[in-house]
Amino acid sequence: EAMLVVYRRLSEPNAGPHRVKLAGLDPNKTYNIPALDITAKGSTLMNVGIAIKYRKYDFYSEIYHVVQA
């Protein structure tokens, strides 16, 4: 079980998704991020990461709960 916290201080015009790579997961276990409807192996989350779409305003932050599936 883990928490993923993402933030952006200043918004960027026409910015696309930002890829975030997690760390410290067991590469052989499967994890779920319910808020993003993502289920993936720990190795995928650590090496490929997940695409986070930031909202279009300054000082944006989001907290995601990562649980072992």
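**Figure 1. Overview of the chain.** Residues 24 or more positions apart account for 68% of the contacts with a separation of 6 or more in the protein chain. The model shown is predicted. Its protein chain has one helix and six strands. Along the sequence these elements follow the pattern β-β-β-β-α-β-β. The C-alpha atoms fill a box of roughly 40 × 20 × 20 Å along the principal axes. Of the 69 residues in the protein chain, 28% are buried.

**Figure 2. An open sheet of four strands.** The strand order is 1-6-3-4, and the pairing is antiparallel. Strand 1 and strand 4 (38-41) stand at the edges. Each has a single partner strand, so one side of each is left without a neighbour in the sheet. On average, neighbouring strands of this sheet are turned by 25 degrees against each other, direction ignored. Strands of a sheet pair through backbone hydrogen bonds, in either a parallel or an antiparallel sense.

**Figure 3. Strand 1 against strand 6.** Strand 1 covers residues 2-8. Strand 6 covers residues 60-68. The two run antiparallel and are joined by seven bridges. One position to look for is tyrosine 7, which stands opposite serine 61 in strand 6.

**Figure 4. Strand 3 between two partners.** Strand 3 spans residues 30-33. With strand 6 it pairs in the antiparallel sense over two bridges. With strand 4 it also runs antiparallel, and four bridges join this pair. Tyrosine 31 can be followed to both sides. In strand 6 it stands opposite glutamine 68. In strand 4 its bridge partner is alanine 40. Asparagine 32 has valine 67 as its bridge partner in strand 6.

**Figure 5. The two faces of strand 3.** Which side chains of strand 3 are buried, and which are not? The side chains alternate along the strand. Tyr31 and Ile33 point to one face and are buried. Thr30 and Asn32 point to the other face and are not buried.

**Figure 6. The hairpin of strand 3 and strand 4.** Four residues lie between the strands of this hairpin. Aspartate 37 takes a positive phi here, near 55 degrees. The strands on either side of the turn are joined by four bridges.

**Figure 7. Arginine 8 in strand 1.** Is arginine 8 buried or exposed? Arginine 8 has 14% relative accessibility. The cut-off for a buried residue is under 20%, so arginine 8 counts as buried. Its place is in strand 1. Leaving aside neighbours within four places in sequence, arginine 8 is in contact with Ala15, Tyr54, Asp58, Phe59 and Tyr60.

**Figure 8. A cavity lined in part by Arg8.** The structure holds one cavity of 30 Å³ or more. The largest cavity has a volume of about 60 Å³. Arg8, Ser11, Glu12, Ala15 and Gly16 are among the residues that line the largest cavity. The lining also includes Lys53, Tyr54, Arg55 and Lys56. By type, the lining divides into two nonpolar, two polar and five charged residues. Ala15 and Tyr54 belong to this lining, and both are also in contact with arginine 8.

How values were computed
Residues are numbered from 1 along each chain as its sequence is written. This is a predicted model: local features need pLDDT of at least 70, side-chain atom pairs count only at pLDDT 80 or more; totals for chains, interfaces and linings use all residues. Side-chain values use heavy atoms; hydrogens and water are left out. Buried means under 20% relative accessible area, exposed over 50%, partly exposed in between (1.4 Å probe, protein chains only). Contact means heavy atoms within 4.5 Å. On a 1 Å grid over the protein atoms alone, a cavity is a set of points where a 1.4 Å probe fits but cannot get out, and a pocket is an open set with protein on both sides within 12 Å along at least five of seven lines; lining residues have an atom within 4 Å of a point. Grid points are joined across faces, edges and corners, and a volume is the space filled by probe spheres set on the points. Ala, Val, Leu, Ile, Met, Phe, Trp, Tyr, Cys and Pro count as nonpolar, Asp, Glu, Lys and Arg as charged, and the others, Gly among them, as polar. Two strands pair if DSSP finds at least two bridges between them. Axes are lines fitted to C-alpha atoms, for helices over the stretch in contact, and angles run from 0 to 180 degrees between N-to-C directions.
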